[in-house]
Amino acid sequence: MASAWWPCLILALLSGLAASGFPRSPFQLLGKRSLPEGVADGVEVYSTKINSKVTSRFAHNVVTTRAVNRADTAKEVSFDVELPKTAFITNFTLTIDGVTYPGNVKEKEVAKKQYEKAVSQGKTAGLVKASGRKLEKFTVSVNVAAGSKVTFELTYEELLKRHKGKYEMYLKVQPKQLVKHFEIDVDIFEPQGISMLDAEASFITNDLLGSALTKSFSGKKGHVSFKPSLDQQRSCPTCTDSLLNGDFTITYDVNRESPGNVQIVNGYFVHFFAPQGLPVVPKNVAFVIDISGSMAGRKLEQTKEALLRILEDMKEEDYLNFILFSGDVSTWKEHLVQATPENLQEARTFVKSMEDKGMTNINDGLLRGISMLNKAREEHRVPERSTAIVIMLTDGDANVGESRPEKIQENVRNAIGGKFPLYNLGFGNNLNYNFLENMALENHGFARRIYEDSDADLQLQGFYEEVANPLLTGVEMDYPENAILGLTQNTYQHFYDGSEIVVAGRLVGEDVNSFKADVKGHGMDFQVEVTTEKITLWNRAVPSTFSWLDTVTVTQDGLSMMINRKKNMVVSFGDGVTFVVVLHQVWKKHPVHHDFLGFYVVDSHRMSAQTHGLLGQFFQPFDFKVSDIRPGSDPTKPDATLVVKTHQLTVTRGSQKDYRKDANIGTKVVCWFVHNNGEGLIDGVHTDYIVPNLF
């Protein structure tokens with residue numbers, strides 16, 4: 001929602017300002033000047049403060065600037081603030097000589113027209129427009145009478161996103177002149193507890209930063225303060241201009257005892273989900289690259305440099321191919337190939353040989369890449385447990401073949417069919433970026449603009465690093481239908497390492513104990529094979545073998561396995577799900593019986609309703625009724641009738657041993673035994689659950 005406001009968001013001051021005695025003037029910006037200390041063109045900005053309060057990743061920011069006109073005549077005072085593109089303005093006020101004029105935040109075409117009308121009439125108005133890679137600029141100017149003071153106060157809010165394992169708060173510092181009182185003050189409160197906190201500035205050395213910066217965190221609270229003195233702001237010891245011109249970035253992360261955290265406040269909930277330690281899902285990547293004539297020179301060279309770096313990061317279990325488009329389409333290989341050392345070396349040679357030519361056929365390039373991924377899956381050329389990704393890079397609009405944006409979007413949407421994401425990279429400014437963004441979003445991906453600069457290759461590589469490590473696919477966040485009224489997006493094609501899924505909604509009633517979140521996703525691929533002789537842990541077809549004589553703990557990719565010599569094995573994974581396998585040993589010379597295993601589940605309430613198997617189908621409550629207790633064939637063991645799953649079964653009273661508390665002797669438990677190998681009680685037949693060659 002917030003990002004949709006930005007390109008045309010307006011903040012128009014109430015028209016009463018025009019009648020306050022200040023001359024009307026057109027909208028202008030003040031340039032940077034080297035004038036007497038703290039004063040530019042007769043105007044002194046004597047205070048600038050950025051006050052931020054972050055609670056549960058949500059930042060509330062107030063930017064306050066105070067200035068005074070020290071000239072003998074009315075002067076125009078400009079207020080510029082650069083804000084993150086993901087933020088949204090919630091309030092703005094302008095106070096002149098103690099009189100406050102509130103602003104109205106409006107959006108879209110209505111706001112744009114009102115802004116143009118206000119400017120044409122000489123009234124004060126503010127406008128937000130693109131500023132750079134991460135920022136939008138809010139600017140407003142006002143005429144201030146001689147000797148008068150003016151205060152600008154802008155409030156904006158932002159949900160901080162987790163990126164590469166950290167939350168990032170990005171502030172642009174650019175006061176344009178020395179400011180007597182300059183301060184950034186940030187308070188952070190995270191209910192999960194703060195695990196790390198750091199701050200850095202791009203415009204100041206670490207030595208100077210250290211003397212002006214304080215940062216601390218303990219438990220749930222963190223604090224950052226940046227308060228440079230006038231001397232610390234100078235670009236040189238005798239200069240009167242400011243070195244404060246750049247980025248001030250705060251990064252932090254929270255403690256994670258479990259993958260998910262649900263916070264409930266005033267009838268609303270926010271669910272944060274960021275599992276750690278999961279194995280990376282192998283990926284099949286189709287790189288669809290524009291080599292049209294407009295890519296000639298530095299653009300294509302930087303693209304090559306980025307692709308060569310990306311190839312260094314490809315894992316051997318990944319698959320890839322390059323699809324090049326200009327007026328026509330060509331490919332490196334006929335189908336996806338595995339990222340073996342030999343294939344990667346050949347890929348490097350291919351990338352280095354790419355040359356620009358011809359027109360721009362986006363439609364056919366994308367469709368070829370999508371078709372290649374679909375066929376790879378259909379023809380079993382790629383692992384069953386893998387995910388597909390299309391990454392397309394272009395610097396222009398389609399001008400050959402199908403060139404209508406809406407038709408290309410339709411073709412791509414139908415070809416992908418919701419099976420995998422599309423990521424579009426737009427190189428430079430001479431392209432229809434809205435088209436690339438819309439096409440990516442409707443195919444579960446996103447678009448990024450690659451800025452034509454000396455670091456364009458690093459921008460490309462940085463994007464790839466964001467999507468290079470998928471941990472889960474097909475993620476669904478489910479909540480009880482009768483417990484919620486509204487919900488934000490709760491399904492995601494991919495979950496990437498270092499990121500976070502955030503779902504919010506409104507609760508029905510006040511019984512928070514009935515609220516339960518169920519997360520489903522594909523990604524973990526472990527197999528544990530246990531016999532009375534040995535234990536084998538398989539991770540992506542790579543086995544590790546142990547014996548019951550071992551005492552060992554193995555922690556691997558989110559799974560923990562502990563073997564207690566000759567006693568039991570404990571396996572834990574995910575959100576505290578634990579299994580115990582007990583080794584029951586029998587006298588070696590016994591004529592009939594063998595050693596056997598007992599399988600137990602600890603904390604079975606953590607299992608979802610979809611868990612199945614011989615025991616899994618009974619983890620969730622089910623209806624049953626025992627009646628008509630009567631004598632059986634054995635006088636000590638009565639029979640009864642059990643009604644369950646619409647079946648009527650005959651059961652017999654007996655006893656069983658529970659070895660959870662005592663692995664050697666066990667505890668006697670009275671229970672009902674089902675005849676005929678559980679027919680009617682279990683789903684299917686008993687042979688569905690038998691592991692062959694167990695002994």
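Aspartate 97 lies in the loop that links β6 (88-96) to β7 (99-106). In this predicted model, the phi angle of aspartate 97 is near 50 degrees, a positive value in a residue other than glycine. The side of the chain at this position is neither fully covered nor fully open: aspartate 97 has a relative accessible area of 48% and is therefore partly exposed, since exposed residues have over 50%. A second loop residue with a positive phi is histidine 444, where the angle is about 65 degrees although the residue is not a glycine. Histidine 444 is found between α9 (433-441) and β26 (447-450). With a relative accessibility of 44%, histidine 444 also counts as partly exposed.

The chain as a whole contains 11 helices and 43 strands. It has 695 residues, of which 46% count as buried. The exposed surface of the chain amounts to about 34,800 Å², and carbon and sulfur atoms supply 50% of this area. Among contacts in the chain with a separation of 6 or more, 65% are between residues 24 or more positions apart.

One group of strands forms an open sheet of four, in the order β11-β12-β17-β14, with antiparallel pairing. The edges of this sheet are β11 (162-163) and β14 (194-201), each of which pairs on one side only. Strand β11 is joined to β12 (residues 166-173) by two bridges, and the two strands run antiparallel. Within this pair, arginine 162 has tyrosine 167 of β12 as its bridge partner. On the next step across the sheet, seven bridges join β12 to β17, again in the antiparallel sense. Here tyrosine 170 stands opposite threonine 249 in β17. Strand β17 (residues 246-254) is mostly covered, with eight of its nine residues buried. The last pairing, between β14 and β17, is antiparallel and has seven bridges. In that pairing, alanine 201 stands opposite phenylalanine 248 of β17.

Phenylalanine 248 also appears in the description of the interior. In soluble globular proteins, nonpolar side chains tend to be buried together. The largest nonpolar core of the chain has 52 residues, and Phe226 and Phe248 touch the most other members. Apart from this core lies another, of 36 residues, including Leu307, Leu320, Trp332 and Leu393.

Leucine 307 is also part of a contact between two helices. Two packed helices are described by the angle between their axes and the distance between the axes. Helix α5 (residues 298-313) packs against helix α6 (residues 341-352) at an angle of about 175 degrees, and the axes are 10 Å apart. Because an angle over 145 degrees counts as roughly antiparallel, α5 and α6 are roughly antiparallel to each other. The residues that meet are Lys304, Leu307, Leu308, Leu311 and Glu312 on the α5 side, and Leu344, Ala347, Arg348, Val351 and Lys352 on the α6 side. Leu307 is thus named both in this helix contact and in the core of 36 residues.

Key. Residues numbered from 1 in each chain as written. Predicted model: local features only at pLDDT ≥ 70, side-chain atom pairs only at ≥ 80, totals over all residues. Heavy atoms only, no water. Buried < 20%, exposed > 50% of the residue type's maximum accessible area, 1.4 Å probe, protein only. Core = buried A, V, L, I, M, F, W, Y, C linked by side-chain atoms within 4.5 Å. Contact = heavy atoms within 4.5 Å. Areas by Shrake-Rupley, 256 points an atom, 1.4 Å probe, with all protein chains shown as cover. Pairing = 2+ DSSP bridges. Axes fitted to C-alpha atoms, helices over the stretch in contact; angles between N-to-C directions. Parallel < 35°, antiparallel > 145°, perpendicular 65-115°, else oblique.
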